[in-house]
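Q: I should like to learn how to read the features of a protein model. May we go through one together, step by step?

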Amino acid sequence: MKKTTEERFWAKVEKTDTCWLWTAHLRNGYGSFATNNKSGYAHRYSWGLHNGVIPKGVFVLHKCDVKICVNPEHLFLGSQGENVSDMVSKN
C-alpha cells in the first residue's frame with residue numbers, strides 16, 4: 001500500500017524532547033520535502049500541516065534556530081525583514 005504524503009513526511013522526523021528533527025534530504029541546511037512533484041522546505045510543510053496555508057511572500061521562521069526542526073511550536077510566520085532582524089538579533 002502506498003504511503004500518504006503525511007506518512008512519508010513523519011517517517012523522516014525524529015522527535016526529541018524539544019525539536020522535531022528532519023532526518024532526510026537537506027537543501028541550504030534546511031530539510032527538503034517533495035509533494036506533488038514539487039520540492040519545498042520541510043519546516044514550511046510542517047507549518048502548513050498544523051496551521052493551514054502560508055500566505056504568499058511570508059516566511060516560516062524558527063524560534064529554536066535549528067534549521068532542521070519541524071516542530072510547529074518552534075515555528076512562526078514573519079516577513080523577510082522580520083527574518084533578517086531575527087537572524088541579526090541572534091547572531
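A: We may begin with a definition. Helices and strands are DSSP runs, numbered from the N terminus, and lining residues of a pocket have an atom within 4 Å of a grid point. Please keep in mind throughout that this is a predicted model.

Q: Which strand supplies the largest share of the lining of the largest pocket?

A: The largest share comes from β6, with four residues. This strand covers residues 59-62. The helices α2 (42-51) and α3 (80-89) also each supply at least two residues of that lining.

Q: How much space lies in the largest pocket, and which residues lie nearest its centre?

A: The space amounts to about 390 Å³. The lining consists of 17 residues, and those nearest the centre are Tyr 30, Val 60, Leu 61, His 62 and Asn 83.

Q: How do the residues of this lining divide by class?

A: For such a count, each residue is placed in a nonpolar, polar or charged class, with Gly among the polar ones. In the largest pocket, the lining has eight nonpolar, four polar and five charged residues.

Q: What is the volume of the second largest pocket, for the purpose of study?

A: Its volume is about 330 Å³. The second largest pocket is lined by 13 residues, and Thr 35, Lys 38, Gly 40, Tyr 41 and Arg 44 lie nearest its centre.

Q: Which elements each supply at least two residues of the lining of the second largest pocket?

A: They are β4 (30-35), β5 (38-41) and α2. The largest share, four residues, is that of β5. By class, this lining holds five nonpolar, six polar and two charged residues.

Q: How should I read the terms "buried" and "exposed"?

A: A residue is buried under 20% relative accessible area, exposed over 50%, and partly exposed in between. Ala 42, in helix α2, has a relative accessibility of 1% and therefore counts as buried. Val 13, in strand β1 (residues 13-15), is likewise counted as buried because its relative accessibility is 14%.

Q: Is Val 84 buried, partly exposed or exposed?

A: Val 84 lies in helix α3. Its relative accessible area is 43%, so Val 84 is partly exposed. Together with Met 87 and Val 88, Val 84 forms a nonpolar patch on the surface, and the three have about 290 Å² of accessible area together.

Q: What does the sign of phi tell a reader?

A: Most residues other than glycine have a negative phi. Asn 28 has a positive value, near 60 degrees. Asn 36 has a positive value as well, near 50 degrees.

Q: Where are Asn 28 and Asn 36 placed, and are they buried or exposed?

A: Asn 28 is in the loop between β3 (26-27) and β4, and Asn 36 is in the loop between β4 and β5. Asn 28 counts as exposed because its relative accessibility is 57%. Asn 36, at 75% relative accessibility, therefore counts as exposed too.

Q: How far apart in space are Val 13 and Asn 71?

A: One may set the separation along the chain beside the distance between C-alpha atoms. Val 13 and Asn 71 are 58 residues apart in sequence, and their C-alpha atoms are 9.5 Å apart in space. For Ala 42 and Asp 65, which are 23 residues apart along the chain, the C-alpha atoms are separated by 14 Å.

Conventions:
Residues numbered from 1 in each chain as written. Predicted model: local features only at pLDDT ≥ 70, side-chain atom pairs only at ≥ 80, totals over all residues. Heavy atoms only, no water. 1 Å grid on protein atoms, 1.4 Å probe; cavity = no way out; pocket = protein on both sides within 12 Å on 5 of 7 lines; lining within 4 Å. Points joined across faces, edges and corners; volume = space filled by probe spheres on them. Patch = residues over 30% accessible without salt bridge, like charges linked within 9 Å, V, L, I, M, F, W, Y side chains within 5 Å. Areas by Shrake-Rupley, 256 points an atom, 1.4 Å probe, with all protein chains shown as cover. Salt bridge = Lys/Arg side-chain N within 4 Å of Asp/Glu carboxyl O. Buried < 20%, exposed > 50% of the residue type's maximum accessible area, 1.4 Å probe, protein only.
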